[in-house]
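Reader: I should like to understand how the terms applied to this structure are justified. Please set each value against its criterion.

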Amino acid sequence: MNKKLKLIGYPFSPYVRKVIFALEYKGLEYKHDPIVPFIEREKVLQYNKQGSVPILLIDGEPLTESSEICKWLDEYTGNNFLFPEDEMELTKVQEIEQWADSTLMSVFGGSMFFQKIVLPFYIGQDGNEKAFEMSKNNYAPQVLQELESLLREGEFITKELSIADIAVSSWIRAGMLSGFEIDNTKYPKVVNYLKKVYSIPAYKKLIEKENSHDIIIKAKNEYLKDKRIIE
Ligand SMILES: N[C@@H](CCC(=O)N[C@@H](CS)C(=O)NCC(=O)O)C(=O)O
């Protein structure tokens with residue numbers, strides 16, 4: 001294990017967060033260039049013609065797609081696997097990762113995180129408040145209910161922690177960073193599940209790092225200000 005690893009992509013992207021988690025969970029050393037694709041597209045295009053992050057440079061060679069990168073990291077390290085060996089578990093994990101990266105992406109990413117963090121704090125435009133409210137009141141309850149039904153108290157999605165848990169928790173965190181709160185009385189299993197996932201040392205470390213970032217401090221101040229206006 002002596003390849004030079006460099007991750008490209010701003011840390012709040014839920015797709016990038018999956019890879020940061022995997023790198024930390026596996027105890028790998030890596031460099032990180034937090035390029036923001038929405039404002040630094042040319043730089044991203046040098047490595048990925050799709051224009052998206054994350055990109056992992058492995059001895060300078062780009063590997064794209066968060067899921068492919070995490071799979072490669074499983075093979076590379078041979079420890080702390082995020083993709084189960086068991087065929088049935090693997091199928092379930094990949095289905096849920098796919099659900100997170102598409103459905104949760106739209107509910108907590110496009111309608112919340114993009115509106116509340118990316119547009120105002122990276123691009124300098126107002127986000128669409130109606131899109132946020134619509135997602136918060138109509139779509140988030142549906143997906144949280146689905147997750148509540150799927151989870152078993154005190155457990156990860158499958159027997160062991162997997163990429164499904166990382167994808168789901170990463171998208172929900174994007175919503176929470178945008179000011180969304182989960183109702184503990186309606187979704188107790190989801191709340192306990194997230195506590196369990198976020199308390200894994202590698203996750204705790206990345207959350208602490210994110211929370212001390214200027215953008216998140218500014219965003220939090222904005223929401224507090226919003227609340228004072230409403231009250
Ligand atoms: N399927 C890709 C999606 C990556 C993706 O959409 N990343 C966003 C960041 S949140 C991005 O780079 N968007 C800019 C763009 O697509 O132009 C993956 O899993 O890595």
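Reader: What area does the protein chain expose, and what share of it do carbon and sulfur atoms supply?

Author: The model is a predicted one. In it, the protein chain exposes about 12,100 Å², of which carbon and sulfur atoms supply 51%.

Reader: Why is Pro-201 called exposed?

Author: The term exposed requires a relative accessible area over 50%. Pro-201 has 66% relative accessibility and therefore counts as exposed. Pro-201 belongs to helix H8, which covers residues 201-211.

Reader: What makes the protein chain as compact as a globular protein of its length?

Author: The chain comprises nine helices and four strands. Its radius of gyration is 17 Å, and the globule rule gives 17 Å for 231 residues, so the chain is as compact as a globular protein of that length. Of these 231 residues, 49% count as buried, a term that requires under 20% relative accessible area.

Reader: Which atoms of Val-53, Glu-65 and Ser-66 make polar contacts with the ligand?

Author: A polar contact is a pair of N or O atoms within 3.5 Å. A polar backbone atom of Val-53 is 2.8 Å from a ligand nitrogen, and a polar side-chain atom of Glu-65 is 2.8 Å from a nitrogen atom of the ligand. For Ser-66, a polar side-chain atom lies 2.7 Å from a ligand oxygen. Each of these pairs thus meets the criterion.

Reader: How much of the ligand's area does the protein bury?

Author: The protein buries 75% of the 510 Å² that the ligand exposes when taken alone.

Definitions and conventions: Residues are numbered from 1 along each chain as its sequence is written. This is a predicted model: local features need pLDDT of at least 70, side-chain atom pairs count only at pLDDT 80 or more; totals for chains, interfaces and linings use all residues. Side-chain values use heavy atoms; hydrogens and water are left out. A polar contact is a pair of N or O atoms within 3.5 Å; within protein, one must be able to donate a hydrogen and the other to accept it, and residues adjacent in sequence count only if both atoms are side-chain atoms. Accessible areas come from the Shrake-Rupley method with a 1.4 Å probe; for residues, only the protein chains shown count as cover. Helices (H or I, at least four residues) and strands (E, at least two) are DSSP runs, numbered from the N terminus. Buried means under 20% relative accessible area, exposed over 50%, partly exposed in between (1.4 Å probe, protein chains only). The radius of gyration is taken over C-alpha atoms; the globule rule is 2.2 Å times the number of residues to the power 0.38.
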